Amino acid sequence: MNIPTGRLAVWWVLVSEIVIFGGLLASYLMNRLTHADWADQAAHTNTWIGAFNTLVLLTSSLSAVLAHQAAEKGDGPKAARLLWLTVLGGATFLVVKSFEWTHEIREGFTITSSGFWSYYYTAAGLHAFHVLCGMILMIWVASTAAKNQELHRVENIGIYWHFVDIVWIFLFPLLYIAK
Amino acid sequence: MSHTSHTEAHGAGAAHADSHPPQSFFHKYLWSTDHKVIAMQYLFTGMAMALVGAFMAYVFRMQLAFPGMSVPGFGVVSPGEYNAMITNHGSIMIFWVAMPVLIAGFGNYLIPLMCGCDDMVFPRVNRLSYQLFFLSVLVLIASLFVQGGGFGGAWTAYPPLSSVAKYNLTPWGSLLWIIAVALEFVAFLLGGINFITTAMNSRAPGMKAFDVPIVVWMIVVASLLFMASVGPLIAGAVMLIFDQTLHTGFFDPARGGDPVLWQHLFWFFGHPEVYVVLLPAMGIVAEIMTVFARKKLFAYRMVIYSVIATGVLSFFVWAHHQFIAGIDPRMANIFTVTTLLISIPIAELCFVYIATLYGGSIRLTTPMLWALAFVAEFLIGGVTGIYLGASGADIFFHDTYFVVAHFHYTFFPIAIIAVFAGITFWFPKMFGRYMNETWGKVHFWGTIIPFNLIFIPMFLLGMAGEHRRIYDYTHFPDLALPELQAMRILATVALLVMLAFQLVFLVNFVLSLMRGARASKNPWNANTLEWTAESPPPHGNWAELPNCYRGPYEYSVPGRELDYWPQDEKA
């Protein structure tokens, strides 16, 4: 087993993240299955905005992959530009989400409205927090990669970003599509 | 290992020594990335917290034995203070003593030294881990002094008591408590990732997976268990904080929540957690037993397979804590079976240790006494666990002092006996001096005998029906019988004796630190790599990093003049 140490550590971070989100989503699912009325609450979420955000996040993962490819070829500045593009995707995601949440809160659907909304804001909020952390780390990685330093970090932050993506792939149907 | 690569390793070693220049006091002790300094920080913080936890035990045991008395050094214990004491005694002893000392302290110290590398693979992450841990200590201590007092909902923090201020009356104490616990989890996640990757990627040249000492295996498996089990509780902690502060209803049935959900999230972590702290303790005991029996560890690979089996099984036993919480009785059947199954690999480990002793030339040094006591006392804890794991018996024993006694017969060997074994064993390596053996043995007997006198009465009290969460038994005529009260007084007096004998250890520790006889590199004639470094090892551990040529337990090999065979000695 000769996995580079940095990448190995990222995988172990993801293992611990999987159980954090796993515990939260399992709790949500168990409750959702026994509360038929949560479907009426879920009907108020905006599937189209959710779909748009899914598209944004998936596209940002593409540029993360391209950044990895550039880093493999030793082109740090190109990798950095592509990482900045990924950060832009994350920022778009968060801006759309903040407008969406503002709208929902104005409609009266707050975190205390019902069990569904508690899980909705907690799960999506925890995910958004991960997006934010990923963006901050990515800016840091991009600034070193631009100087052609520590290029292996481009792949590592990419792995993390894909994970954040995959979590959203679970959240989107569970929170937006299931009605 | 060919000769050429050996020379290369030497060359790399010379360059490596230059990369660790001397440091200022601030950098060396407060801002260090050296795994040994961080290990000491964890060790001493954990020992200081043990004193806090012990003080709490003293206060509430005095209240139980002599209700309403003014406890010397504390005063009259109010019901709220009593609750805060038992809650924080449990939290501190598990999260702020057993975890930092066993996993973080010994893990940090031993993994790089036993794997033969200069430091953890992520030294700065390691430092961050300790800093977060220290922050969690400060938050926890602060929680005891805020308005309303410390959290009093027991260390398991079941809602609604923990989530609704109207019920627990400690809005600040309960919030700070859960924040402290969450911070501590993050600290140990960072530490665990470091431990696992270091053991995977930084072993000495020639050290194969089955050449790694058992204690390192145990700490790595424990870190994996922690990492894979704590997630749901981190999610649960976020939900509990939201219930407390934003008044969501995750655990409130009136608002679509479920209080039993917390119990599942808590115990999904809480039960593997028992093995998270047990495994490093068992590893420490294994190292000591082979060294002082001068014999190869019996069935090395079987130990590893048993540990992995324990780890896997530990994820399927959690609901045995909830037999009377209203879970489906069919589920209780399943969890009874898994709980009884997990005793098999653990019993096997105990048998392996006994088989290691069989026919060995046993040396009864202080660390060996502690190691032997670990097996003997833990066995009592394990056997009484069978009663509680069987749902039929548990319905009667639940929430009685029988549970308290069982729990302490497992955790005291883990967090106290194995830790003393480890400290007395590695003291010469850590500080370059010997501890005093005579006073070590006085401390040993002064701890072990009172320990049994504290908790055997509790088994009897539990069987007599004494419920565990009562502040003053004189209010309950059935439990205020003179013979029951006599046992409570016996337990409290034994606790006082045991605490008094800890002074012997503290004095011995400090005096040996300053004036103990100088220890050589390898005072116990042991095989593992940490004994080939200087005592104490410098920053960077070795001037030339060692190579590894054999397994760690080649003691009394036939046809060899010496009865030990260091791992780095060329064949």
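**Exercise 1. The annotated domain of chain B**

Task: Determine how residues 25–549 of chain B are built in this predicted model and how far apart the ends of this range lie.

Solution.
Step 1. Over residues 25–549, chain B is 69% helix and 1% strand.
Step 2. The C-alpha atoms at the two ends of this range are 37 Å apart.
Step 3. The range itself is taken from an unreviewed UniProt entry, which lists it as "domain: Cytochrome oxidase subunit I profile".

**Exercise 2. Helices of chain A and the transmembrane annotation**

Task: State the secondary structure of chain A, and examine the helix content of residues 79–99 and of residues 158–178.

Solution.
Step 1. Chain A holds six helices and zero strands, in the sequence order α-α-α-α-α-α.
Step 2. An unreviewed UniProt entry marks residues 9–28, 48–67, 79–99, 119–146 and 158–178 of chain A with the annotation "transmembrane region".
Step 3. For residues 79–99 of chain A, the helix content is 100% and the strand content 0%, with 31 Å between the end C-alpha atoms.
Step 4. For residues 158–178 of chain A, the helix content is 95% and the strand content again 0%; here the end C-alpha atoms are 29 Å apart.

**Exercise 3. Extent, burial and charge of chain A**

Task: Describe the dimensions of chain A, its burial, its exposed area and its charged side chains.

Solution.
Step 1. The C-alpha trace of chain A spans about 55 × 35 × 20 Å along its principal axes.
Step 2. Of the 179 residues in chain A, 52% are buried, where buried denotes a relative accessible area under 20%.
Step 3. Chain A exposes about 8400 Å², and carbon and sulfur atoms supply 70% of that area.
Step 4. Among contacts in chain A between residues at least 6 apart in sequence, 79% link residues at least 24 apart.
Step 5. There are 10 positive and 11 negative side chains in chain A, and the centres of these two sets lie 8 Å apart.

**Exercise 4. The contact between the chains**

Task: Characterise the contact between chain B and chain A by its residues and by its buried area.

Solution.
Step 1. Chain B contributes 28 residues to the contact and chain A contributes 25 residues.
Step 2. The two chains bury about 2100 Å² between them, of which 76% comes from carbon and sulfur atoms.
Step 3. Met200(B), Asn201(B) and Phe250(B) supply 21% of the area that chain B buries against chain A, more than any other three residues.

**Exercise 5. Backbone exceptions in chain B**

Task: Locate the cis peptide bonds at Pro160(B) and Pro536(B), and the positive phi angles of Ala154(B) and Ala157(B).

Solution.
Step 1. The reference case is that most residues other than glycine have a negative phi, and most peptide bonds are trans.
Step 2. Pro159(B) and Pro160(B) are joined by a cis peptide bond with omega of about 5 degrees. Pro160(B) belongs to the loop between α5 (123–143) and α6 (165–168) of chain B.
Step 3. Ser535(B) and Pro536(B) are likewise joined by a cis peptide bond, with omega of about -10 degrees; Pro536(B) is placed in the segment after α16 (482–515) of chain B.
Step 4. Ala154(B), although not a glycine, has a positive phi of about 70 degrees. Ala154(B) sits in the loop between α5 and α6 and is buried, at 8% relative accessible area.
Step 5. Ala157(B), also not a glycine, has a positive phi of about 50 degrees. The loop between α5 and α6 of chain B holds Ala157(B) as well, and its relative accessible area of 0% makes this residue buried.

**Exercise 6. Two helix residues and one in the final segment**

Task: Decide whether Thr290(B), Asn88(B) and Lys570(B) are buried or exposed, and describe their surroundings.

Solution.
Step 1. Thr290(B) is part of helix α9 (residues 259–293) of chain B. Its relative accessible area is 0%, so Thr290(B) is buried. Leaving aside residues up to four places away in sequence, Thr290(B) touches Lys295(B), Leu297(B), Thr356(B), Tyr553(B) and Tyr555(B).
Step 2. Asn88(B) lies in helix α4 (residues 79–115) of chain B and counts as buried because its relative accessibility is 0%. With residues up to four places away in sequence excluded, its contacts include Met56(B), Leu140(B), Phe151(B) and Trp177(B).
Step 3. Asn88(B) and Glu569(B) are 481 residues apart along the chain, with their C-alpha atoms separated by 48 Å.
Step 4. Lys570(B) is found in the segment after α16 of chain B. At 39% relative accessible area, Lys570(B) is partly exposed.
Step 5. Between Lys570(B) and Tyr353(B), 217 residues apart in sequence, the C-alpha to C-alpha distance is 29 Å.

Notes. Residues numbered from 1 in each chain as written. Chains lettered and ligands numbered in written order. Predicted model: local features only at pLDDT ≥ 70, side-chain atom pairs only at ≥ 80, totals over all residues. Heavy atoms only, no water. UniProt positions renumbered as here; feature names shortened; annotations may be inferred. Helix = DSSP H or I, 4+ residues; strand = E, 2+ residues; numbered from the N terminus. Buried < 20%, exposed > 50% of the residue type's maximum accessible area, 1.4 Å probe, protein only. Contact = heavy atoms within 4.5 Å. Areas by Shrake-Rupley, 256 points an atom, 1.4 Å probe, with all protein chains shown as cover. Lys, Arg positive; Asp, Glu negative; His and termini not counted. Charge placed at Lys NZ, Arg CZ, Asp CG, Glu CD. Buried area = accessible area lost by both parts, 1.4 Å probe.
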